[in-house]
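User: I am new to this structure and should like to understand the terms used to describe it. Please explain each one as it arises.

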Number of protein chains: 2
Amino acid sequence: MIRVNENYLKLKRGYLFPEIGRRTAAYARQHPEARIIRLGIGDVTLPLPGACVAALREAAGEMGRAETFRGYGPEQGYEFLREAIIENEYRSRGVELEAEEVFVSDGSKCDTGNIQEIFALESKVAICDPVYPVYVDTNVMAGRTGEADEAGRYGGLVYLACTPENHFTPAPPAKPVDLIYLCYPNNPTGAVASRAALARWVEYARENRAIILFDAAYEAYITEGGIPHSIYEIPGAKEVAIEFRSFSKTAGFTGVRCAYTVAPRALKAWSAGGEAVEVNRLWNRRHCTKFNGVSYVVQRAAEAAYSAAGKEEVRRLVGYYLENARVIRERLGKMGYTVHGGVNAPYLWVKTPGGLTSWQFFDKLLAEAQVVGTPGSGFGPAGEGYFRFTAFGERGQIEEAMERMSKMSSGG
Amino acid sequence: MIRVNENYLKLKRGYLFPEIGRRTAAYARQHPEARIIRLGIGDVTLPLPGACVAALREAAGEMGRAETFRGYGPEQGYEFLREAIIENEYRSRGVELEAEEVFVSDGSKCDTGNIQEIFALESKVAICDPVYPVYVDTNVMAGRTGEADEAGRYGGLVYLACTPENHFTPAPPAKPVDLIYLCYPNNPTGAVASRAALARWVEYARENRAIILFDAAYEAYITEGGIPHSIYEIPGAKEVAIEFRSFSKTAGFTGVRCAYTVAPRALKAWSAGGEAVEVNRLWNRRHCTKFNGVSYVVQRAAEAAYSAAGKEEVRRLVGYYLENARVIRERLGKMGYTVHGGVNAPYLWVKTPGGLTSWQFFDKLLAEAQVVGTPGSGFGPAGEGYFRFTAFGERGQIEEAMERMSKMSSGG
């Protein structure tokens with residue numbers, strides 16, 4: 001008799017976004033005249049850079065001619081894209097990588113979800129709280145956790161609370177862990193990790209033979225100097241860290257799908273017999289066995305994001321969203337809200353006023369301003385009492401949302 | 001200390017294609033004048049249908065305009081594509097499906113590799129021998145097997161030998177198994193499963209509460225009437241089978257990347273507590289947690305394969321490769337080879353002459369005819385003494401390869 005993977009049954013229902021949708025739809029039904037503004041979704045809204053569109057179209061033409069048609073490409077990505085990534089993202093910051101250390105994929109969600117497969121089931125996993133749910137759910141599915149408690153914490157995971165007191169960059173735990181998921185600039189808090197904070201993590205990982213899974217999907221939003229864009233800017237990090245990057249929030253590829261993962265040759269994990277194994281080799285085996293490469297036309301579009309015109313358009317896109325973030329941050333600040341993030345990230349992490357819970361504030365915001373955001377408690381227990389706004393909307397909508405919020409009642 | 005997933009260390013090295021590459025390169029170095037013809041790779045060579053190119057280009061344009069830009073799409077695929085698949089692939093054959101039962105993905109390799117995740121680790125797995133290696137390797141990685149023996153058989157797997165005696169469609173095993181991987185039309189043997197053979201499997205699965213993982217990536221190559229194109233043509237199959245399909249070998253999408261998996265609502269697996277769980281729901285959870293949908297532009301290109309012009313072009317592509325298969329089959333037959341497949345599949349499974357092993361024949365073929373094929377033993381122990389040719393090449397090359405082979409010596 002075929003049995004299910006019981007670990008799937010431990011998963012809490014995908015509660016957050018469906019529940020937001022349910023409450024928003026219910027409100028819209030009762031108030032058909034309401035013009036609801038959505039500032040909750042982490043999806044870009046501006047069109048694809050012209051350079052990428054042109055590259056897509058040209059590559060499509062190539063696929064239609066026998067002389068230039070391409071079938072299966074390398075699972076790890078075409079050399080032209082891996083080299084462009086290394087040149088533009090790493091060499092320019094003093095980080096040297098080889099093409100074999102870069103794996104092109106169809107999304108950081110896939111990569112951050114799949115990466116845990118190559119490590120032992122017994123690995124002790126640390127995650128931040130609040131956190132991007134994919135890191136947690138994929139470890140639950142794999143069987144690295146027990147059941148969830150009332151607050152939503154799964155047994156066996158080490159939760160690192162991210163609070164204003166630690167600037168949302170927790171210190172390494174006292175007890176050793178094996179795998180650490182870090183995301184900076186952070187989703188959902190919008191925080192960044194300083195060089196000192198990252199150096200402390202790298203040191204911890206080296207001392208404990210742990211591996212850091214570093215999600216840098218939002219690095220392009222860093223505006224302040226001195227903040228590392230890559231964990232490999234920290235000496236010794238290549239021996240303890242895998243880095244995840246994406247074209248989603250830079251060139252607007254959420255619907256086009258292209259990302260990459262860096263697994264340096266120097267990175268090792270250990271077999272039961274105590275032998276060092278190259279993590280790069282394991283990930284390569286996984287990638288080649290369960291994945292067949294990113295669409296050629298998409299890889300050409302990603303490459304075009306590094307052309308002179310492409311870079312300029314990416315700068316403009318990121319600048320637009322950052323200006324949105326500035327508007328939200330400034331306006332909410334003036335209204336008396338305590339606002340974190342939004343300077344080096346497209347996310348704003350706002351303390352709910354008057355001691356409201358995250359969901360209470362969600363309801364109030366929807367009822368009084370017809371604005372939808374994301375309850376912080378949906379990202380983890382430590383997110384309770386917080387609310388996430390994203391800066392990916394359209395400027396006029398954001399300004400109107402701020403205008404409406406300025407007229408909200410102050411009570412709970 | 002971070003430990004590796006020990007199961008990865010059980011994997012035999014990706015021996016087959018690298019070894020083919022190594023021997024071919026060595027020959028080419030020693031014989032720089034040789035014009036080597038490759039008939040071993042399962043990759044298409046004809047360009048993408050014009051309808052798909054046009055759709056790709058138009059979708060690229062949409063992505064470049066604010067009014068028509070699309071960010072994240074549904075993880076399961078856009079409704080327009082799911083409906084087109086149902087209408088053209090299933091309804092036309094009398095199989096009714098709902099959109100929620102179809103999951104669009106970036107490849108059948110991914111889907112057939114990932115599907116095992118949603119089932120219990122203790123599941124007893126049956127595979128054909130010879131077989132597409134992904135089914136085996138992904139179960140090894142997951143920990144469902146022991147070590148491999150000398151012949152390459154992993155402990156714990158049930159191997160179903162596919163031989164001329166059983167027409168390469170083995171009967172269900174005497175002992176119950178939980179998961180059965182079947183691929184028809186078959187890679188590598190080119191065999192098809194009759195309605196009676198499939199009905200027997202469906203009956204077995206229903207009796208044993210097993211699930212059939214049915215890889216139908218080559219169904220478009222079926223030329224003979226009466227052979228099921230979908231396992232759902234067998235009554236009751238929706239309750240016991242998942243089906244995998246791809247645009248790779250129909251519309252030439254090996255480099256464009258689009259496929260789909262059908263998980264019917266009626267399909268159940270069981271929890272430890274004996275409760276029935278919808279497999280569709282589990283796969284949906286996996287798909288939404290570890291995948292972010294196929295590129296919008298690619299989905300539009302796939303949809304275009306179902307336009308009137310697209311269908312005509314797909315028919316032409318498939319027809320070209322089938323004619324290649326006919327040429328190989330006829331010519332090799334005249335030379336005295338025993339040839340299987342190639343009638344309802346783009347693969348030809350040839351008995352090596354004179355009792356040569358698969359690799360001995362590889363070396364002889366390379367040395368005497370400068371033709372490269374795939375040793376059958378690379379697909380499993382029961383493939384020893386066989387050789388796979390694919391029909392995806394260019395006609396002139398195939399004719400020359402046949403001409404050269406006709407002049408080979410008959411000795412070993």
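Analyst: Helices (H or I, at least four residues) and strands (E, at least two) are taken as DSSP runs and numbered from the N terminus. This is a predicted model, in which local features need pLDDT of at least 70 and side-chain atom pairs count only at pLDDT 80 or more, while totals for chains, interfaces and linings use all residues. Residues are numbered from 1 along each chain as its sequence is written, and chains are lettered from A and ligands numbered from 1 in the order in which they are written.

User: Where does Pro185(A) lie, and what kind of peptide bond joins Tyr184(A) to it?

Analyst: Pro185(A) is in the loop between β5 (179-183) and α6 (195-208) of chain A. The bond between Tyr184(A) and Pro185(A) is cis, with omega about -5°. In chain B, Tyr184(B) and Pro185(B) are also joined by a cis peptide bond, with omega about -10°. Pro185(B) is found in the loop between β5 (179-183) and α7 (195-208) of chain B.

User: How confident is the predictor in chain A?

Analyst: pLDDT is the predictor's confidence in each residue, from 0 to 100. The mean for chain A is 96, and 99% of its residues reach 70 or more. For the complex, the predictor gives an ipTM of 0.97 and a pTM of 0.97.

User: How are the two copies related?

Analyst: Copies are superposed by least squares on the C-alpha atoms of residues with pLDDT of at least 70 in both. A turn of 180° with a shift of 0.0 Å along the axis lays chain B on chain A with an RMSD of 0.0 Å. The two copies are therefore related as by a two-fold rotation axis. Among the residues of chain B, Arg57(B) comes closest to that axis, its C-alpha being at 2.4 Å.

User: What makes two residues count as being in contact, and how many does each chain contribute?

Analyst: Contact requires that the C-beta atoms, placed from the backbone, lie within 7 Å. By that rule, 72 residues from chain B and 72 residues from chain A take part. On the side of chain B that touches chain A, α3(B) gives the most, with 7 residues. This side has 37 nonpolar, 19 polar and 16 charged residues; Ala, Val, Leu, Ile, Met, Phe, Trp, Tyr, Cys and Pro count as nonpolar, Asp, Glu, Lys and Arg as charged, and the others, Gly among them, as polar.

User: How is chain A divided into domains?

Analyst: Domain bounds come from an automatic or database domain assignment. It gives domain 1 (11-47 + 309-405) and domain 2 (51-306) of chain A. Their C-alpha centres lie 26 Å apart, and 32 residues of domain 1 are in contact with 39 residues of domain 2. On the domain 1 side, α9(A) provides the largest share, 8 residues.

User: What makes β3(A) and β4(A) a pair, and which unit do they form with helix α5 of chain A?

Analyst: Two strands pair if DSSP finds at least two bridges between them. Strands β3 (residues 125-129) and β4 (residues 158-161) of chain A are joined by 4 bridges and run parallel, which satisfies that rule. Cys128(A) has Leu160(A) as its bridge partner in β4(A). With helix α5 (residues 133-142) of chain A, these strands make a right-handed β-α-β unit. A crossover is right-handed if, with the strands pointing away from the viewer, the path from the first strand over the helix to the second runs clockwise.
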